[in-house]
Amino acid sequence: MTVSAAGGIMMQSYGAKGAGQSAESSLAAPTAKDKFLDYMKMTPAERMAAAILEEMGISKEDLEAMPPEQRKAIEDTIRERIKEKMKAEGMEKGRLADVTV
């Protein structure tokens with residue numbers, strides 16, 4: 001999941017195999033290593049959004065299959081929960097890193 005600078009949420013497919021991998025390996029279930037690497041490629045906002053979706057008991061596939069208005073409502077909820085979490089952790093807009101010396 002990607003949270004855009006404007007606050008919109010777009011779903012991103014994780015676990016896609018690169019062009020250099022064989023068709024056989026792309027059909028196999030993702031390994032723990034694949035899952036870890038996919039997770040590490042996610043931004044902190046994507047990780048928060050994925051965790052919130054999991055808390056809600058909704059899979060990425062479920063969200064993608066929802067009608068647009070239902071999907072928008074879920075994405076709005078995720079967006080608000082991310083904002084709340086960032087505010088609670090002191091990461092308001094413009095203050096994502098403490099660079100004081």
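Here is a quick briefing on the chain shown above, going from the overall picture down to single residues.

This is a predicted model, and the chain has a mean pLDDT of 76, with 63% of its residues at 70 or more. The chain holds five helices and two strands, and helix 3 and helix 5 are the elements that each put two or more residues into the largest nonpolar core. Most of what follows is about those two helices.

**How far to trust it**

- Residues 1-8 stay under 50 in pLDDT, although the model gives them 23 contacts beyond four places in sequence.
- Residues 10-20 are also below 50, and that stretch has 23 contacts in the model beyond near neighbours in sequence.
- As a rule, coordinates predicted with low pLDDT should not be read in detail.

**The chain as a whole**

- Going along the sequence, the order of elements is β-β-α-α-α-α-α.
- Of the chain's 101 residues, 21% count as buried.
- The chain exposes about 7400 Å², and 58% of that comes from carbon and sulfur atoms.
- If you take the contacts between residues at least 6 apart in sequence, 54% of them join residues at least 24 apart.

**Helix 3**

- Helix 3 covers residues 44-56, which makes 13 residues.
- From its first C-alpha to its last, helix 3 reaches 18 Å, close to the 18 Å expected at 1.5 Å a residue.
- The buried residues here are Ala45, Glu46, Met48, Ala49, Ile52 and Leu53.
- Those buried residues span an arc of only 160 degrees around the axis, so they sit on the same side of helix 3.
- Over on the other side of helix 3, you find Pro44, Glu54 and Glu55 exposed.
- Right behind helix 3 comes Gly57, with a positive phi near 75 degrees.

**Helix 5**

- Helix 5 runs over residues 68-88, a total of 21 residues.
- The distance from the first C-alpha of helix 5 to its last is 30 Å, close to the 30 Å expected at 1.5 Å a residue.
- Its buried set is Ile74, Glu75, Ile78, Arg79 and Ile82, so charged-residue names turn up in that list next to the isoleucines.
- Looking down the axis of helix 5, the buried residues fall within an arc of 140 degrees, and therefore line one face of the helix.
- The face turned away from that buried side carries Glu69, Glu84, Lys87 and Ala88, which are exposed.
- Just after helix 5, Gly90 has a positive phi of about 75 degrees.

**The nonpolar core**

- The largest nonpolar core has ten residues: Met48, Ala49, Ile52, Leu53, Ile58, Leu63, Met66, Ile74, Ile78 and Ile82.
- Helix 3 is the top contributor to this core, with four residues.
- In soluble globular proteins, nonpolar side chains tend to be buried together.
- Leaving out residues up to four places away in sequence, Met48 touches Ile82, Lys85 and Met86.

**Three residues of helix 5 to look at**

- Ile78 lies in helix 5 and is buried, with a relative accessible area of 0%.
- The C-alpha of Ile78 is 9.7 Å from that of Ala51, and the two residues are 27 apart along the chain.
- Thr77 is in helix 5 too, and it counts as partly exposed because its relative accessibility is 33%, in between the 20% and 50% cut-offs.
- Between the C-alpha atoms of Thr77 and Leu53 there are 9.8 Å, with 24 residues separating the pair along the chain.
- Lys83 is another residue of helix 5, partly exposed with a relative accessible area of 47%.
- For Lys83 and Ala45, which are 38 residues apart along the chain, the C-alpha atoms are 9.8 Å from each other.

Methods
Residues numbered from 1 in each chain as written. Predicted model: local features only at pLDDT ≥ 70, side-chain atom pairs only at ≥ 80, totals over all residues. Heavy atoms only, no water. pLDDT = per-residue confidence, 0-100. Contact = heavy atoms within 4.5 Å. Expected span 1.5 Å × (residues − 1). Buried < 20%, exposed > 50% of the residue type's maximum accessible area, 1.4 Å probe, protein only. Arc of directions from axis to C-beta. Areas by Shrake-Rupley, 256 points an atom, 1.4 Å probe, with all protein chains shown as cover. Core = buried A, V, L, I, M, F, W, Y, C linked by side-chain atoms within 4.5 Å.
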